Each structure stands twice: as C-alpha cells, then as structure tokens.
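Trainee: Please take me through this model one question at a time, and explain each term when it comes up.

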Amino acid sequence: LSALAGMLRFGYALISMAALFNLVTVVKLIADPGLVQSMTSDELATQAYVWIKSFRAQWHFALALFGAYLVLIGYLVLVSKHIPRLLSAALFISGL
C-alpha cells in the first residue's frame, strides 16, 4: 500500500507541474509583444481563458489524487503501532 501511496503522490506532482505550465503559457501569451500585436483583444482574452480553465481542471484532478494519497497515508498510520491515532484521523479528514 505504501507503493500505491508513493505513486499517487508522484502522479499528483506530475499533474500539478503540467497544470502550472498552463499558467506559464498564459503569462507568455500576455507578455509577448508579438502575440499581443497579432491578435485582437478578444482572441487574446479567449486564449487566456482557455488556458486558465485548463489549469483549473488539471489542478482539481491533482487535488483529488492528493486527497486519495492522504486517505491512504491515514490508513497506513492507523495500522501502524508507532504513530498516534490522532494523526491518522487528521489525515483522513484532510484527505476528504
């Protein structure tokens, strides 16, 4: 189960990085004078809106993976004899 938790955490990191690249694309889109000159303001706003919506969708999916990771870590803490059960409850609640 700990390997599954590691894979969930790794997946969360990858998807979060991909989502952040969408925000970087928005900054490049707005900051590049050549692109600003070649598009109308409506086209530029539409492109920025699409990239931001894409960021939000990916970010929400990444947060769902992170929640699953926290729930799984909470279970692993629960079955462990060396870590207080209060920490397990905190991880379960934060994962939901």
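Mentor: Before the first question, contact means heavy atoms within 4.5 Å. This is a predicted model, in which local features need pLDDT of at least 70 and side-chain atom pairs count only at pLDDT 80 or more, while totals for chains, interfaces and linings use all residues. Residues are numbered from 1 along each chain as its sequence is written, and side-chain values use heavy atoms, with hydrogens and water left out.

Trainee: Among contacts in the protein chain between residues at least 6 apart in sequence, what percentage join residues at least 24 apart?

Mentor: The starting set is made of the contacts in the protein chain between residues at least 6 apart in sequence. Within that set, the share of contacts that join residues at least 24 apart is 61%.

Trainee: In what order do the elements of the protein chain run from the N terminus on?

Mentor: Helices (H or I, at least four residues) and strands (E, at least two) are DSSP runs, numbered from the N terminus. The protein chain has 4 helices and 0 strands. From the N terminus on, the order is therefore α-α-α-α.

Trainee: What is the radius of gyration of the protein chain, set against the globule rule?

Mentor: The radius of gyration is taken over C-alpha atoms, and the globule rule is 2.2 Å times the number of residues to the power 0.38. For 96 residues that rule gives 12 Å, and the protein chain is well over this, so it is more spread out than a compact globule. The C-alpha trace spans about 65 × 20 × 15 Å along its principal axes. The radius of gyration itself is 19 Å.

Trainee: Is S16 buried or exposed?

Mentor: Buried means under 20% relative accessible area, exposed over 50%, and partly exposed in between, with a 1.4 Å probe and protein chains only. S16 lies in helix α1 and, not counting residues up to four places away in sequence, touches W59 and A62. Because the relative accessible area of S16 is 7%, S16 is buried.

Trainee: What does N22 contact, leaving aside its neighbours within four places in sequence?

Mentor: N22 is also in helix α1, and at 7% relative accessibility it counts as buried. The C-alpha atoms of N22 and R56, 34 residues apart along the chain, are separated by 9.4 Å. With the neighbours within four places set aside, the contacts of N22 are W51, S54, F55 and Q58.

Trainee: How many Å should α3 span?

Mentor: The expected span of a helix is 1.5 Å times one less than its number of residues. For the 39 residues of α3, the distance between the end C-alpha atoms agrees with the expected span, which is 57 Å.

Trainee: What covers the buried residues of α3?

Mentor: The buried residues of α3 include L44, F55, A62, L72 and V77. L72, at a relative accessible area of 12%, is buried, and it touches L1, L4, A5 and L8, not counting residues up to four places away in sequence. From the other side of this packing, S88 in helix α4 touches G74, V77 and L78, with the same neighbours left out. The cover of the buried residues of α3 includes α1, α2 (33-38) and α4 (85-95).

Trainee: Which residues form the nonpolar patch on the surface?

Mentor: Patches are made of residues with over 30% relative accessible area and no salt bridge (a side-chain nitrogen of Lys or Arg within 4 Å of a carboxyl oxygen of Asp or Glu), with like charges joined within 9 Å and nonpolar side chains (Val, Leu, Ile, Met, Phe, Trp, Tyr) within 5 Å. Accessible areas come from the Shrake-Rupley method with a 1.4 Å probe, and for residues only the protein chains shown count as cover. Both α1 (2-31) and α3 (41-79) supply at least two residues of the patch. Together its members have about 490 Å² of accessible area, and they are L1, L4, M7, Y75 and V79.

Trainee: What is the relative accessibility of V79?

Mentor: V79 lies in helix α3, and its C-alpha atom is 34 Å in space from that of A18, 61 residues apart in sequence. L4, in helix α1, is partly exposed with a relative accessible area of 40%. V79 also counts as partly exposed, because its relative accessibility is 42%.
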